[in-house]
Structure formats: structure tokens, C-alpha cells
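This report looks at two serine positions and one helix. Please view the sequence and the coordinates first.

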Amino acid sequence: MGRLLIVRHGETPWNAEGRLQGHADIDLSEKGRQQAREVAKRLADTPIDVAYSSDLARAWHTAQIVLDQRDVPLNSNEGLRERFYGVFEGLTVEERQAQFPDEFAASLIKDLEFASPGGESALGTLRRMTGVIGEIKERHLNETVLIVGHVGSLRSAIIALMELPPEATWRFVMANCSLTVIDTYPDNAVLGLYNDTSHLDGSGSLTGG
């Protein structure tokens, strides 16, 4: 049996402002760094064999803080990046509605194939993450793996692992520095814990990538 310890990155200034981040390389705020330190405390007695992180700073630095001084290999994986939101990136809800009214209205419809101009659809993210998380699972079936990434891409990874319908993407939330645990087997994956923030003060943005 393997085990995946899935952690969303800590809070960033753009999370606090409600801005979509996507592929924008926004680093952690001090609050986000403290959240990551709390995850490190939570996992202090949990053996970790290997770690993977999105190459974006907010995820990479979260992973580094969680691992602290452990002698654990940390692998950068561009495939773990957040969904790419195209022209919506950097904008708040109000700004998206004002600057791109037609596209904003279309984004509110539950359409898996919708992508903002220049961006990636929810279905595209799911297809990408199915390959990425499948490869990590198969490579480490007998190890405990830390995976640090982003709300949209990690949600897609969980849907792929649990073999849920793509439409489930609208039924999951994931707070900053929440912990999700999935046990993996050659022919199965079992969700043991989801979006747990008991190690935090109860705060953490649920949106913004």
C-alpha cells in the first residue's frame, strides 16, 4: 500500500484579495508561511519517502516548509500547476465581470469544456492531472508521498484517483494548507481524509488557485 499526503499551498496575497492565480507565480504571504509551518507540525511524526510539488513558488515554498529539515527528495513537477485561466488571471470576480462580461457569464455555467480566452478548461485540467497523478501513484505504490499543489489541479487529481465523474469538480472545495490523505493500491485508491484543517485556526481561502 502507498499513501498520498495531498496539501494545497498556503495563502498568498492574491488569495486574500480574491484574485485568480492560475499559472501566475505568486509567492506565499506570511500567513501562508505560518500555515505551512502548521502542516509541518501536523506531519512531524509521519514518515515521508518522497515529495512532489508544482513548480510555482507558492506550492514549492509550501513543500519546502512542510518538509523542514527532512532528508526527503523534493521533485518539481510543472504538470502539477494550477488550471490556466487565461485572461481571467489576476482578476477578482468583480473585475472579470466588468472586463469580460460575456466570458464571465459563460464561466458560471457548469460546462466542463469552457475555457476563458487563452486558458484551460476544467476537462483539460482533469485530463492533464489524470496522467500526472497516475504516474506518481504507480511509481510509489509502497511509499508515502507528499504532494503539494493547487485547488483546481489537486481537485482534478482526486477525481481521477477516485474514478469519479468529471462533473464532481464542482462538488469539492480545498482550503489553503488543508490535508487530504489517500491510500493507494495497484487497482484502487481509498480516501481516508479530505480537506482537513484541524491543524490551522480555521482560516484559509477556498478559491483563487
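The sections below cover the two serines and then the helix, in a model that is predicted.

## Ser178

Ser178 sits in the loop that joins helix H7 (151–161) to strand E5 (179–185). Its relative accessible area is 1%, and since buried means under 20%, Ser178 counts as buried.

A polar atom of the Ser178 side chain lies 2.9 Å from the backbone oxygen of Ala175. Apart from neighbours within four places in sequence, the residues in contact with Ser178 are Ile6, Val7, Arg8, Asn195, Asp196 and Thr197.

## Ser156

Ser156 belongs to helix H7. Its relative accessibility is 4%, so Ser156 also falls under the 20% limit and is buried.

With neighbours within four places in sequence set aside, Ser156 is in contact with Thr125, Leu126 and Met129. These three residues are listed among the buried residues of H6.

## Helix H6

Helix H6 covers residues 122–139, which is 18 residues. From its first C-alpha to its last it reaches 26 Å, close to the 26 Å expected at 1.5 Å a residue.

The buried residues of H6 are Ala122, Leu123, Gly124, Thr125, Leu126, Met129, Val132, Ile133, Ile136 and Lys137. What covers them includes helix H7 and strand E5, along with strands E1 (2–8), E2 (50–53), E4 (144–149) and E6 (188–196).

Note on methods
Residues numbered from 1 in each chain as written. Predicted model: local features only at pLDDT ≥ 70, side-chain atom pairs only at ≥ 80, totals over all residues. Heavy atoms only, no water. Helix = DSSP H or I, 4+ residues; strand = E, 2+ residues; numbered from the N terminus. Buried < 20%, exposed > 50% of the residue type's maximum accessible area, 1.4 Å probe, protein only. Polar contact = N/O pair within 3.5 Å; in protein donor to acceptor, adjacent residues only side chain to side chain. Contact = heavy atoms within 4.5 Å. Expected span 1.5 Å × (residues − 1).
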